[in-house]
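User: I'd like to go through this structure and hear the reasoning behind the labels. Can you take me through it?

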Amino acid sequence: MPPFPQFEDLGEKLANRFRPWQRSFQFWTRAADIYTGYKVFQVRMNFVKDVNKQEAMWERQHELAADKIYSMCSELGGFFLKVAQIVGKPDLAPAAWVKRLVTLCDKAPGTPFETVRLVLEKELGQTVDELFERFDVEPLGSASIAQVHRARLRGTKGDVAVKVQHAGVQDLMMTDIHNLQAFACYLQKTDIRFDLFSITKEMQKQIGYEFDFVREAEAMEAIRHFLRVNNKKPPVQVPRVMREMMTRKVLIMEFIDGIPILNLGDEIAKRGIDPGGTIAAMAKQ
């Protein structure tokens, strides 16, 4: 036992109190760097007349900015990973940004297992050992709001996927959203004649729903029921939810083995499927 546990608790409380301020400082420092880089670049472009050279320079500038945005999103995590997932889509951002940010879909920092254990036991009212015959400590994947572990419930044969919300992530995301909204307001007044603020408000509303796993489970069950009722052979598999083990922060569902969509091209090549053939075209669509 530590000799002065009260000092450790005080240190943790102080760290949690100042964490939003530290996070805000990190965001504004990085956002200012990216923004200033583009403003300086625009001044330089006034001295370049060749169109082809301008295009090459713009591409290089977008690549430099993409590296900085990637670094900010991956290191800060939280809401910025969600932003990267939204921005990292074709036609929503420069191609260099999309190419860099699309890899962040399931690369969020994982929550340590001891913290996951605490969340599980608090939410479900039993110990992990009492609930599970086996629980893989390493997560299958970690995203902005939660991470997923493979496990097996006691007294059952099939595996389950256990989705556990990151501790404290909702408060951090609210801090991130408010910072982004302030930045959006600034851009609207100085550079962009577009209502960015309303977009960030809608993002805040939609992301707020994602913290409620009970709502998510109900949506899964509704979709699963619809597909089974209307199709003799459902075209999409939806995992069955363990309703008796469902809370706002924990969701346990049937484990279905599959291929991450970002790995689709590699899987097609591994199976010897013609990348230009009908099957590949259907899969990509």
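User: How many aromatic pairs does the structure hold?

Analyst: The structure holds 12 aromatic pairs. A pair means rings of Phe, Tyr or Trp (its six-membered ring) with centres within 6.5 Å; planes under 30 degrees apart are stacked, over 60 edge-to-face, and the rest tilted. Before we go on, this is a predicted model, where local features need pLDDT of at least 70, side-chain atom pairs count only at pLDDT 80 or more, and totals for chains, interfaces and linings use all residues. Residues are numbered from 1 along each chain as its sequence is written, and side-chain values use heavy atoms, with hydrogens and water left out.

User: What makes Phe27 and Trp28 an edge-to-face pair?

Analyst: Their centres are 5.2 Å apart and their planes sit at 70°. Set that against the cut-offs of within 6.5 Å and over 60 degrees, and the label follows.

User: And why is the pair of Phe41 and Trp58 called edge-to-face?

Analyst: The centres are 4.6 Å apart and the planes are at 75°, so this pair is edge-to-face. Phe41 belongs to helix H1 (residues 5-45) and Trp58 to helix H2, 17 residues apart, so the pair links distant parts of the chain. Helices here are DSSP runs of H or I with at least four residues, strands are E runs of at least two, and both are numbered from the N terminus.

User: Phe41 and Trp58: which one is buried and which is partly exposed?

Analyst: Phe41 has 2% relative accessibility, so it counts as buried; Trp58 has 30%, so it is partly exposed. Buried means under 20% relative accessible area, exposed means over 50%, and partly exposed is in between (1.4 Å probe, protein chains only). Phe27 is buried at 2%, whereas Trp28 is partly exposed at 34%.

User: How do you know that the length of helix H2 agrees with its residue count?

Analyst: H2 (residues 51-76) has 26 residues, which should span 38 Å at 1.5 Å a residue, and its end C-alpha atoms are 37 Å apart, so that agrees. The expected span is 1.5 Å times one less than the number of residues. Just after H2, Gly77 takes a positive phi of about 65°.

User: What makes Asp50 and Asn52 a polar contact at the start of H2?

Analyst: A side-chain oxygen of Asp50 comes within 3.1 Å of the backbone nitrogen of Asn52. A polar contact is a pair of N or O atoms within 3.5 Å; within protein, one must be able to donate a hydrogen and the other to accept it, and residues adjacent in sequence count only if both atoms are side-chain atoms.

User: Why is His149 called buried?

Analyst: Its relative accessible area is 0%, so His149 is buried. His149 is found in strand E3 (residues 146-153). A polar atom of the His149 side chain lies 2.8 Å from the backbone oxygen of Asp136, and a 2.9 Å polar contact joins the side chains of His149 and Gln147.

User: Why is the largest nonpolar core said to lie between two domains?

Analyst: That core has 44 residues, and Phe27, Phe79, Trp97, Ile145, Met173 and Leu251 have the most contacts inside it. Domain 1 (7-106) and domain 2 (113-167 + 212-259) both contribute residues, so the core lies between them. The domain bounds come from an automatic or database domain assignment. A nonpolar core is a set of buried Ala, Val, Leu, Ile, Met, Phe, Trp, Tyr and Cys residues joined through side-chain atoms within 4.5 Å.
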